Amino acid sequence: MVDEFQDTNEIQYQIFLPILDYLKGGRLFIVGDEKQSIYKFRDAEIEIFNLTRSDIRNSVGENNLLVLPDSFRMTPAICTFCNYIFKHLFDEPDESFGEVPATDLVCARVDDKTGHVEFLISRENEESVKNSEAELVAKKISYLIKENKYSYKDVCILVRKRKYFADLEKVFIKFEIPFTIVGGRGFYQRQTIADVFNYLSFLADENNSSALVGLLRSPFFNVSDSKLFEISLNKGRSFWRKLNLANYDAEIAKISEILSENISMCSSVSLPDLIHKIINDRNFLSIISSRNDSDQEVANLNKLISIARNFNSVGFRNLYDFLTFMKDSIANLADESQASITLNTDAVQMMTIHQSKGLEFPVVFLFKTDEAGISNSIKTGEVKVDKKYGLLTKVPVDQNYFEEYQSAPIVLMHNYFEEKKNNAELKRLMYVALTRAKDELYITSAIKKDASFKKDTFINLLAKGLKSDFLCDEIIFSDQLELLRIENESFVNKNLQLTLRIPITTEIELELSDREDKIKNVAQAEINTAPIYSQEKGEIISASKVSIYSQCPLKYLLTYEYGFGKLNSDFLHFKFDGRQKNQKYFSDSALEDEIDADDFRYESFENEIKDYDSALYGRLFHKAMEKSFYPNQIDDFVSDEFGVELKDGQISEKILHRLQNDLKSFSKSKAYALLYAAKNYKNEFEIYVADHDYYLHGIIDKIIFNEKKISIYDYKTDDIEKKEIKKHSEYYLMQLKFYLYIASKLFSEFDTFEGSLVFVKHPDDIVTLNYDRSKLKELEREITDIINSIRMKNSEKNIKHCRVCSFSGLTNKCIIN
C-alpha cells in the first residue's frame with residue numbers, strides 16, 4: 001500500500017514497479033488525490049499519478065478505481081464554495097500541463113452547522129487605511145474569541161511563505177493574541193536566544209561591554225536606558241568596572257553580586273547547568289512566560305539547553321567553544337527550526353500550506369493571497385538539466401557577452417511548460433489550503449483599487465473563479481450541493497440548492513475597552529510555576545529508574561548518575577562470602593550488568609543474609625518461571641536448566657535446593673494454577689514505547705491477555721513473613737504502575753489493566769492494582785511527574801527510605817549528609 005501517491009516521483013515509481021512484477025500480481029493498493037499534489041519542488045510528478053491510474057485501469061479494469069468524494073470535515077458552505085471555485089479553475093484540464101479535472105465534494109457532515117466564508121480585504125491605496133491585512137486578521141480572531149465560539153487553538157493561519165509570519169507576530173502581540181509558529185525558522189535569531197548568548201558572552205569575557213549592556217537591558221535584569229547612561233558616567237575602562245562602582249544603588253549592587261557569582265562558577269559547571277542557573281537566577285522566565293508567545297519561547301529555551309547538553313557531551317569543549325558555535329549559528333543558520341510545542345496549547349497556530357497537509361482546523365485564515373511565487377524560468381547565468389529538454393541555459397548572441405543573453409527555442413518551450421505546470425500546482429495548492437477549514441474560512445488580501453492582480457497569486461485565481469474584482473461589499477451565488485445522509489441504516493445521496501452570501505470586509509472596529517475584560521484580577525491570576533526542563537531527546541526511561549527514583553531521588557542519583565551501583569554490588573558480594581553471617585542487612589541486589597541494562601527487577605528489601613545471594617536467587621527464579629515448567633518435573637527441570645552452572649561453581653547446591661523447594665511450593669498455590677491456566681500470555685515480555693520525546697522501557701514477568709483486559713504479574717522473591725507483605729509491597733508498587741502504564745500505551749484496544757505483585761513465599765496473598773481507561777489519566781500524570789523530576793535532576797533525600805536503602809550505613813542513616 002502506498003499512501004499520498006500523488007506526491008510520488010518517477011524514481012520512486014521505477015523502484016517499486018518491478019517489485020510488484022509490473023502490476024501483474026494485483027498486490028498494489030494506492031491512495032491519493034491528484035488535486036492535492038503540491039510537492040513539485042521535491043520532484044513529485046502528477047504525471048506519475050496519472051500513469052499509475054492508467055496502468056491499473058489497463059491491468060485490472062475500471063472497477064478497481066474507486067472515487068471517494070465524500071467530505072466528513074467541511075460544512076455545506078465551505079463545500080459549496082470550493083466546488084464553485086474549482087469547477088471553473090479545473091475546467092477543461094490538459095494533463096500535459098499537470099492540470100487535473102474537477103470533481104465536486106459531497107458534503108457528508110451531519111451536524112447543524114452551515115459554515116461561513118468571508119473575505120478580509122485591506123484597501124491599500126485609499127487615503128486612510130484603517131486596517132492593515134494583519135490587523136483585520138487579528139481583529140476578526142478577537143471577535144471570534146469574544147463571542148466564545150472558538151478557542152485560540154481552533155484557529156490556524158496558512159501562508160505560502162514563512163516570511164509573512166513577521167507581520168502577524170507584531171500585530172498579534174499588539175492585540176494580545178497568543179500564537180505559535182509550527183516549525184518556525186530562525187531559532188538562533190530569536191531575541192531570547194540572543195539574550196542568553198549575551199549573558200554567556202559576558203561571563204566568558206567580563207570586558208565585553210556590548211554584551212553586558214545588552215544583558216542589562218534584557219528581561220534578565222530590565223535596567224532602564226536612563227540608569228545605564230547614569231552608570232556609564234562612572235570611571236572605568238569597561239562597563240563591568242563602571243557597574244561595580246554603582247553599588248550605591250541596591251538593585252545594581254544585587255545585579256553585580258549575581259554576575260560576580262556566575263563569573264566565578266562558569267568554568268566549573270557544565271554548559272546546560274550554567275544556562276539553567278542563569279535562567280532561574282532572576283525573574284527572566286516569569287517575564288518570558290507572560291508573553292503571548294510564551295509557550296514557544298519557553299520551548300526554545302528548553303531546546304537551547306538540549307543543544308548545550310549535546311554540545312557538552314563531546315569531550316574537550318568549553319564555554320568559549322560553545323560561544324563560537326552560537327555566533328556562527330546566529331550568523332549562518334537562519335533555517336534552524338524553533339522548538340516544537342504541543343498542539344494542545346491554547347494559541348493560534350501559524351504554518352505554511354505544505355505543513356497543513358493532512359490537518360484540519362475549525363477556523364482557517366488564508367493570509368497574503370495577493371503575494372506571488374518565484375518563477376522557474378531559466379535566468380541568465382543559470383544552467384539546468386531537464387530530463388525532457390536536456391541542458392538548458394541562456395547564451396550570448398554572436399559571442400557578445402555584454403548584451404542581454406538570449407533563450408534558445410528549447411528554453412522558451414521549457415519556460416512555457418513550466419509556467420503552465422506552476423499555475424496548475426498553484427490551483428492545487430489553493431485547493432489544499434481551502435479544504436483545511438471545517439467550520440469557517442477567511443481569505444485575506446491587500447488590494448489596490450486600480451491595479452490588476454498578479455497572475456500567479458491566489459487572489460487572481462479567486463477572482464477568476466468567482467468572477468469578481470472584490471471591490472463590492474458582498475459576493476452572492478447559488479450552486480447545487482450533493483449531500484450524503486443516513487436513512488434507514490443506509491447511505492443515501494441528496495441534492496440541495498444552496499445560496500451563498502460571502503461578505504467582503506474592509507474595516508473592523510475593535511476598541512481597547514473591548515479587550516479589557518480579558519485582563520484578570522491579580523487575585524485571580526494563575527501563576528505558572530513549571531520549571532525549565534533540561535531534556536535529552538530519545539532518552540530511555542526504564543521501570544527500574546522510575547521505581548528507584550520514587551523510593552528516593554538521592555538514591556537514584558547515586559545509582560544512575562554517579563555510578564555507585566557497582567560499588568554497592570561489590571559490597572554486597574563481600575557480605576555474601578560467608579565472613580559476615582547471621583546479620584540483618586537492608587540490601588538492593590543489583591549487579592553492574594543489571595545497572596547497564598536498567599533492570600532492577602530482582603531488587604529485594606530487608607533480607608536475612610545468611611548463606612545465599614538473593615540477587616542470584618531472584619534471577620534463577622525468574623528464569624525458571626520464564627521456561628514454564630511442569631509441576632511434576634521440577635527436579636529434572638532444575639537439573640537440566642542449572643546443572644552446568646552448578647558444575648562450574650557459579651551457583652551453590654544450597655541455593656539450587658532452595659529454588660527446587662520454592663518452585664514446588666509455588667506450583668501448589670492457587671496463584672500458580674491461575675497462571676498455568678492462561679491461554680494467551682507472554683513471559684519476560686519486553687516493551688519499548690515512545691512517550692513525548694523519550695522512550696519507556698520495561699520487562700514484564702508475565703502478561704496475560706483476556707478479551708478487553710490485560711493482567712500483569714510481577715514476581716518478588718523477598719524472604720519475608722506474611723505480615724510484612726503490605727509493607728514490602730509499597731516499595732514495588734511504582735514499578736508495577738509503570739508496567740501498567742506502558743502496557744496501556746502499547747495496547748490501546750484494551751479497556752482494563754490489572755497488576756499483581758506475587759511474593760513467592762506467600763503466593764496466594766497477592767497485592768493487586770486495577771485501572772480502567774478513566775483512571776489511566778491520573779496514572780499518566782503520576783508517571784510523567786516522576787520522569788520530569790528525573791530529567792530535571794532533582795535529587796532531594798527521602799529520609800523515610802534510609803532504613804531499607806543500600807546507601808545507608810549500619811545505623812540506617814544515609815551516607816550523604
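**Salt bridges, a small sheet and the surface**

Asp-249 counts as buried at 18% relative accessibility, where buried stands for under 20% relative accessible area, exposed for over 50%, and partly exposed for what lies in between, computed with a 1.4 Å probe and with protein chains only. The model is a predicted one, in which local features need pLDDT of at least 70 and side-chain atom pairs count only at pLDDT 80 or more, whereas totals for chains, interfaces and linings use all residues. Residues are numbered from 1 along each chain as its sequence is written, and side-chain values use heavy atoms, with hydrogens and water left out.

The chain as a whole gives the setting. Among its 817 residues, 50% count as buried, and the chain has 26 helices and 21 strands; these elements are DSSP runs numbered from the N terminus, helices being H or I over at least four residues and strands E over at least two. Contacts, meaning heavy atoms within 4.5 Å, join residues 24 or more positions apart in 72% of the cases that have a separation of 6 or more. The accessible surface of the chain, obtained by the Shrake-Rupley method with a 1.4 Å probe, comes to about 41,300 Å², and carbon and sulfur atoms account for 49% of that area.

Side chains of opposite charge can pair when their charged atoms come close. The structure holds 43 salt bridges, each defined as a side-chain nitrogen of Lys or Arg within 4 Å of a carboxyl oxygen of Asp or Glu. In one of them, the side chains of Lys-227 and Asp-249 meet at 2.8 Å, N to O. Because Lys-227 lies in helix H8 (residues 225-232) and Asp-249 in the loop between helix H9 (239-244) and helix H10 (250-265), the pair ties together parts that are 22 residues apart in sequence. Lys-227 is partly exposed, at 22% relative accessibility.

Another salt bridge is that between Asp-439 and Lys-113, in which the closest N and O atoms are 3.2 Å apart. This pair links distant parts of the chain, since Asp-439 belongs to strand E11 (residues 437-447) and Lys-113 to the loop between strand E2 (106-107) and strand E3 (116-123), 326 residues apart. Asp-439 is buried, with a relative accessible area of 6%, while Lys-113 is partly exposed at 38%.

Asp-635 and Lys-664 also form a salt bridge, with their closest N and O atoms 3.0 Å apart. Asp-635 lies in helix H22 (residues 634-647) and Lys-664 in helix H23 (residues 653-667), so this pair ties together parts that are 29 residues apart in sequence. Asp-635 is partly exposed, with a relative accessible area of 37%, and Lys-664 is partly exposed too, at 31%. Returning to Asp-439 and Lys-113, salt bridges that share partners join these two residues with Arg-109 and Asp-111 into one network.

Strands of a sheet pair through backbone hydrogen bonds, either parallel or antiparallel. Here, three strands form an open sheet in the order E8-E9-E10, with antiparallel pairing; two strands pair if DSSP finds at least two bridges between them. Strand E8 (383-386) and strand E10 (406-407) stand at the edges with a single partner strand each, so one side of each is left without a neighbour in the sheet. Four bridges join E8 to strand E9 (residues 390-395), and Asp-386 stands opposite Gly-390 in E9. Helix H15 (residues 409-434) packs on this sheet and touches E8, E9 and E10.

Further along the chain, strand E20 (residues 752-759) and strand E21 pair in the antiparallel sense over six bridges, and Glu-754 has Asn-770 of E21 as its bridge partner. Strand E21 (residues 767-772) has a covered face made of Val-767, Leu-769 and Tyr-771, and an uncovered face made of Thr-768, Asn-770 and Asp-772. Ser-774 lies in helix H26 (residues 773-792) and counts as exposed, at 61% relative accessibility.

A last pair of residues concerns burial and exposure. Asp-195, placed in helix H6 (residues 191-204), counts as buried at 4% relative accessibility; apart from its neighbours within four places in sequence, Asp-195 is in contact with Ser-218, Pro-219, Phe-220 and Phe-284. Met-1, by contrast, lies in the segment before helix H1 (10-19) and is exposed, with a relative accessible area of 70%.

How values were computed: Axes fitted to C-alpha atoms, helices over the stretch in contact; angles between N-to-C directions.
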